[in-house]
Amino acid sequence: MKYSPLAPYSRRVAVAIGYTALHVGLVSTTLLDPVIYPSGPPWNPVTGLVLALLLLGGVGYAPLVVAAAAVAGFAVRNLGLGIALFDGLAMATIYGGATRFLVQRLHLDLRLTRLQDSLLLLAVGTIAAGLHAAVMMPLSHVAEADLVTHYLRLWAGDILGIVVITPFLMLHIGAERLPRPNLLNLVEAASIAFVLWIDFGLHASEKFRFFYLLIMPLVWIAVRHGLKGASAAIVLAQLGLLVAVEVVPFPDHSLTLLQLIMLTLSVTTLLLGSAMSERRISRAALKDSETRLNAIVSMAPDGVLTIDDTGAVESVNPAGEALLGFAAEELKGRHFADVLPGLDLATLPFRGEANAVRRDRALLPVEIAIGAADLSDRRLAVAVVRDISQRKATEARLWQHHAVLANAARLSVSEKLATALAHQLNQPLAAVIGYTRAAERLLKKGSEPMQNIVDAMDKAVAQTTRCGEIIRRTREFLSSGDLQPAPIFVLDLVQEAMHLATPQYTANDVTLQLAIPTDLPLVEVDPLQVEQVLVNLLNNALDAIVMAASPRREVLLSAAALDRNWVEITVRDSGPGIARGIADRLFTAFTTSKTNGMGMGLFIAKSIVEAHGGTMRVESNPGEGAAFCFTLPTATNDHDQTY
Amino acid sequence: MTKRTETKPTEPVVHIVDDDEAVRDSLRLLLYSVGIEAITYVSAADFLARCDCARPGCVIADVRMPGMSGLDLQKELLRRDVPLPVIIITAHGDTPMAVGALKAGACDFIEKPYDDQFLIDSVSHAIDRGARLWRDHERIAKARVDYETLTAREREVMALVVAGESSKGIAGHLGISPRTVEIHRARIMEKVHARGLADLVRMAHLLETPEE
């Protein structure tokens, strides 16, 4: 038996003595004046005691039951020893069997935490009581006509004993300490006494007519204190009833009726108390699990946000507050896209990296895991957000180190591309020369069949076509390069290019001004690629001013939102503007106005911009400088883009 | 050494090694137009596998090819002692590479797109040089064969003769009679087909060329 509050040996001795005393004491309460009450006592509290003992202490206590019954029967009830022993054996066997059945088959929880436990106890107790009453029948000396009535009376008496005594003992003996009674407990007890007084004192002549009033204090106590209070109240009411019966003589048949009403009241009260207890326990368990969950969530090092089905943030934990820079109250009710843009809650679960937007509009690289929780009435999204800025910073530092070394190479990327292109073109060009010169020599020789010469010329033409193909492919390669677009603020995008260009500007005494509005939407681009575009344009602007020795030496880098899909960036210089002859060929490869240029820079820049879905154009008024403008898609761009 | 006293060499052939089919084919046609026979190969490995190195000629190899580069091929031919001069062609020439190739023994270095006349001149020059290399190579091979027929004692005697020792001196060195030395000398001259001391010295010089 798992739950056995009576186990230790010394306590077992105490139990044996205490139990015997209680058994004898309870038996003596049933000794009514046989003249007034010829049908015997209205209840049998000893059965309740026996069942409680066997349940709490185990069926090993069965001999004690027999012994105590023998003592009580012999000493108090003046029965023969044989009959007394029979009484004890009957109780020990029947209630011992009931105990085994309850504990081993039905797995009764001895703390009666669930309503189900109380119901099982009552049901099995009722059946056992029926058996016990049947066994005890032969000991009664009643007229044949009264046999059924007597049986029912014995049965009800047993049940009442169980209802009143067993739960009370199970709940109170198992208790670790005796709670101190407070004033309210006294009032409660007094209310029972008061109702009993109404019944038996004030309205003694009305007999038990107001007895049902007892239900009110019993219900009140059951609701307030649950099963424990209910069981105590029943015991109290029963004791009060016994006293009242002693004080106020009753007609015998009234006592039987009283006993049945008491039984009904007791069962009702017990079940109500049990239901209340169960509710209280499950509510406490719920509260415990909530508290536990809250503790976990609030202690979590990662930000945890719950988002309702409209996308509004429902809650955020302290780590989330710190991470996003919002107080929980500020964030609640906001749309999650304000802080976690670019996420789609339609396809959950989601796990990946993204940028969170903090309260100060700073971007924070985060790792996000979002899952869905289907509540009873709606769907809740739970987002766990981890700050990975540290990791990103480390990565960035490593890259920066790398970038310092690679910087020179990056600035001359157009030359590199031009070299590669030249190599590609030189192959077919060499072949063209070979074929045409060979054809020429064969023609001059005169003896060669014409078909061979024509073949050579055809092959030369094919190679010329190949040259065009290479140009086209190169352009395609540039525009289908490995783009890795990510949302970024225009200011951040521009700053790296500025950083690269500034030394040259300073050295040539040219001012580089920046005009980037702070409320620009995020753009979604490959920062490294767009950086090349910016570096290229900034270098061109600088070269234009320096080569023309312009009196005004300034370059303005500005940005503006065209609409919700596009941001336009402009690099405007104070140079001489673009010569008419070159303006319309400006973006084709190998076109340059520089003495040492390859004519690849703008060609590549335009290709990169077009790869992002944007466009590049130039505004130029001779004498007033040139402005190169290009568009970049915003992070919220819903146009089709081909990367 | 410019005297054409040896047997007339076989017709020269140009080996074109380039991974670009059009470049290979146009070069072959250009050389054909001036009456030079050419064989084309798609890679250095292809060339090494198929080349008939018994014919004189030269090699035109592209620097940048998948697998073995033109420069590596040139080194490999040197290592194998193949008497074919190499012309390196490239579509992306840079000075250090050209200098390096010429230092390593390349016959010429030509950038694509090339001037046809310049290329033809370069090839003709390489073929001449190849013919000389081929003749030298033939003679060395012959000398080696002859040398193999000498006995150990005869080789000792020959080394001392070439070093300028008199028969008497040689007899002293080897502890044999001057008469025996004279007999060895006559046998040596006969075996290596030398017409006099000068021939013997020239042959010894050829034999000093590293075998590998």
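Two strands count as paired when DSSP finds at least two bridges between them. With that in hand, welcome to this predicted model. A good place to start is chain B, where strands β1 (residues 13-17) and β3 pair in the parallel sense over 5 bridges. From there we visit a helix of chain B, the contact between chains A and B, and a pair of helices in chain A.

**Strand β3 of chain B and its neighbours**

- Strand β3(B) spans residues 57-62, and 6 of its 6 residues are buried, so the strand is largely enclosed by the rest of the structure.
- Gly57(B), Val59(B) and Ala61(B) point one way from β3(B), while Cys58(B), Ile60(B) and Asp62(B) point the other way; the residues on both sides are buried.
- Towards β1(B), Ile60(B) of β3(B) has Ile16(B) standing opposite.
- β3(B) also runs parallel to strand β4 (residues 86-90) of chain B, and 4 bridges join the two.
- Within β4(B), Ile88(B) is the bridge partner of Ala61(B).

**Helix α3 of chain B**

- Helix α3(B) covers residues 70-79, and its buried residues include Gly70(B), Leu71(B), Leu73(B), Gln74(B) and Leu77(B).
- These residues lie on the same side of α3(B), because they cover an arc of only 160° around the axis.
- As general background, an α-helix has 3.6 residues a turn, so residues three or four places apart point the same way.
- Just after α3(B) comes Asp81(B), which takes a positive phi of about 60°.

**Where chain A meets chain B**

- On the chain A side, 19 residues are in contact with 16 residues of chain B.
- Two helices of chain A, α13 (413-445) and α14 (450-479), are the elements that give two or more residues to the side touching chain B.
- The largest share of that side, 16 residues, comes from α13(A).
- By class, the side of chain A that touches chain B has 10 nonpolar, 6 polar and 3 charged residues.

**Two packed helices in chain A**

- Helices α16 (residues 527-548) and α18 (residues 601-611) of chain A pack at an angle of about 145°, and their axes are 9 Å apart.
- The crossing of α16(A) and α18(A) is left-handed.
- From α16(A), the contact is made by Gln529(A), Val530(A), Gln532(A), Val533(A), Asn536(A), Leu537(A) and Asn540(A).
- From α18(A), the contact is made by Gly601(A), Ala605(A), Ile608(A) and Val609(A).
- The residues of this contact between α16(A) and α18(A) divide into 6 nonpolar and 5 polar, with no charged ones.

Terms used:
Residues are numbered from 1 along each chain as its sequence is written. Chains are lettered from A and ligands numbered from 1 in the order in which they are written. This is a predicted model: local features need pLDDT of at least 70, side-chain atom pairs count only at pLDDT 80 or more; totals for chains, interfaces and linings use all residues. A residue is buried if 20 or more other C-beta atoms lie within 10 Å of its own, exposed if 12 or fewer, and partly exposed in between; C-beta atoms are placed from the backbone. The arc is that of the directions from the helix axis to the C-beta atoms. Two residues are in contact if their C-beta atoms, placed from the backbone, lie within 7 Å. Ala, Val, Leu, Ile, Met, Phe, Trp, Tyr, Cys and Pro count as nonpolar, Asp, Glu, Lys and Arg as charged, and the others, Gly among them, as polar. Axes are lines fitted to C-alpha atoms, for helices over the stretch in contact, and angles run from 0 to 180 degrees between N-to-C directions. A crossing is left-handed if the near helix is turned anticlockwise from the far one by less than a right angle, and right-handed if clockwise.
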